[in-house]
Amino acid sequence: MGKIAFLDSGSGGLNILAKTIKILPEAEYVYVADTKNCPYGIHSKTWIFNKTKNLIENIIKNYLPDIIVIACNTASSACAKEIRNIFNIPIVAVEPAIKMVPKNEFKLVLATKATLKFKKIKSNKLTLAYAPQNLPKLIDDNLLKINKINLIIKKELKQVLKNNNLSANKIKNIVLGCTHFVAITKTLKKIFVKTNLFSGHEQIATQIKKIYLLNNNKQKNNKQITINNKIKFYCTNKCKIKLNKNYLIKIKICLTNNDVKQLNKFKKYLFKIINN
C-alpha cells in the first residue's frame, strides 16, 4: 500500500485530501500542517522555500511517502520548481485555476499576496486580483464555525467591489487561488449568486491518483476510508525543540501530534467534507 503525504500551512490542503480520498481510498495518507508558521502568504520567497524544504525533509525522513503534495498555493507558487529539483520523489503542486475560466470572461482571483506576486497575477480588464486580509488564518481559527467570519468576509469583499466600481452581478467567475478558500464557498455563493467557482482540486486529485497507480501498479478498490487509522495528522504548533548537550544539533522544524485540539478540528472538518 502506497503512502501519500500532504503539506500545507494549515487546513487548506484538507480540501484536496478529501477529493483524493474519494477516488483513491486504498492509499495511506499523512497530513502535515505547519500551523506554527501559518500564514505563508505574508512571507518572502526565500522564507517559504526554506520552510517547505525543511518540512519535506522531515516528512521523507519520518514517513517515507511515495508522493508528496504541496497542497498550498503560496508554497507551490514560491518554490515548486526548486523543490522538485532537490528531492527524488514525485511532487504534486497546486496553482490558481485561472486556465479553467472560459477565455475572455471576467474573473475575480482570490489568493494570498505572495501567490499573486509570484504568479504575476494582476488586475486588468478581465481580472480583479485580490488578497483577502488574513483570511487563511481566520479560516483555520474558525474551521468548524465558518459562519462566525461570514460578516467579515462579506464586508471586505463588498468594499473591494465598491473600490473597483463593480457589482456582485458582474462577477461570473471566481478563482480560489488559495486552498483554504474552499471553506468559504457557501459564503461566496451568497454574495455572488450567479458565479462559478474554480479551485482545480478535482484535477489535482486525479493527477495524484494517476501517479499513485503508476508507481504502485495497483488498481483502485472500493474499501471504505476510516479516517482514524488511514490518515495520520501532524502539525508544528506545539513542537518542543531540543538541543543535544553540546548544543551542536539544532532541529530546524519538528512535527507533533500532541496538539490534540487542533488535529481533532482538522479530522472533523475532513470527515465533514468527505461526506458532503
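Asparagine 134 is found in the loop that lies between strand S6 and helix H5 (135–141). In this predicted model, asparagine 134 has a positive phi of about 55°, although it is not a glycine. Most residues other than glycine have a negative phi, and most peptide bonds are trans. Asparagine 134 counts as partly exposed, because its relative accessibility of 45% falls between the limits of under 20% for buried and over 50% for exposed.

A second asparagine also has a positive phi. Asparagine 104 lies in the loop between S4 and strand S5 (107–110), and its phi is near 70°. With a relative accessible area of 61%, asparagine 104 is exposed.

Where does a cis peptide bond occur? Such a bond joins cysteine 38 and proline 39, with omega at about 5°. Proline 39 belongs to the loop between S2 and helix H2 (45–63).

**The protein as a whole**

The protein has 10 helices and nine strands. Of its 276 residues, 54% count as buried. Among the contacts with a separation of 6 or more, 68% are accounted for by residues 24 or more positions apart.

**The two sheets**

Strands of a sheet pair through backbone hydrogen bonds, either parallel or antiparallel. One open sheet is formed by five strands in the order S4-S3-S1-S2-S9, and the pairing is parallel. Strand S4 (91–93) and strand S9 (231–235) are the edge strands, each of which pairs on one side only. From one strand to the next, the twist of this sheet averages 15°.

Another open sheet has four strands in the order S6-S5-S7-S8, again with parallel pairing. Here the edges are strand S6 (127–130) and strand S8 (196–198), each pairing on one side only. The twist in this sheet averages 20° from one strand to the next.

Within the five-stranded sheet, S1 and S3 run parallel and are joined by four bridges. Strand S3 (residues 67–70) is joined to S4 by three bridges, and these strands also run parallel. In the four-stranded sheet, strand S7 (residues 173–176) and S8 pair in the parallel sense over three bridges. The table gives examples of residues that stand opposite each other in these pairs.

| Residue | Opposite residue | Strand of the opposite residue |
|---|---|---|
| Phenylalanine 6 | Valine 69 | S3 |
| Isoleucine 68 | Isoleucine 91 | S4 |
| Isoleucine 70 | Alanine 93 | S4 |
| Valine 175 | Phenylalanine 198 | S8 |

Which way do the residues of S3 point? Ile67 and Val69 point one way from S3, whereas Ile68 and Ile70 point the other way, and all are buried.

Helices pack on the five-stranded sheet. H8 lies across strand S1 (3–8), S3 and S4, and runs at about 165° to S3. Helix H10 (residues 260–274) packs on the sheet as well, where it touches strand S2 (28–33) and S9. The direction of H10 makes about 135° with that of S9.

**Helix H1 and its surroundings**

Two packed helices are described by the angle between their axes and the distance between the axes. The axes of helix H1 (residues 14–23) and helix H8 (residues 201–216) come within 8 Å and cross at roughly 55°. This angle makes H1 oblique to H8, and H1 passes H8 in a right-handed crossing.

On the H1 side, the contact is made by Asn15, Ile16, Lys19, Thr20 and Ile23. On the H8 side, His201, Glu202, Ile204, Ala205, Thr206, Ile208 and Lys209 take part. The residues of this contact divide into five nonpolar, four polar and three charged.

An α-helix has 3.6 residues a turn, so residues three or four places apart point the same way.

Why is H1 described as largely enclosed by the rest of the structure? Seven of its 10 residues are buried, so H1 is largely enclosed by the rest of the structure. The buried residues of H1 are Leu14, Asn15, Ile16, Leu17, Ala18, Thr20 and Ile21. These buried residues pack against S1, S2, H8, S9 and H10.

Notes. Residues numbered from 1 in each chain as written. Predicted model: local features only at pLDDT ≥ 70, side-chain atom pairs only at ≥ 80, totals over all residues. Heavy atoms only, no water. Axes fitted to C-alpha atoms, helices over the stretch in contact; angles between N-to-C directions. Helix = DSSP H or I, 4+ residues; strand = E, 2+ residues; numbered from the N terminus. Parallel < 35°, antiparallel > 145°, perpendicular 65-115°, else oblique. Left-handed = near helix turned anticlockwise from the far one by under 90°. Contact = heavy atoms within 4.5 Å. Nonpolar A, V, L, I, M, F, W, Y, C, P; charged D, E, K, R; others polar. Pairing = 2+ DSSP bridges. Buried < 20%, exposed > 50% of the residue type's maximum accessible area, 1.4 Å probe, protein only.
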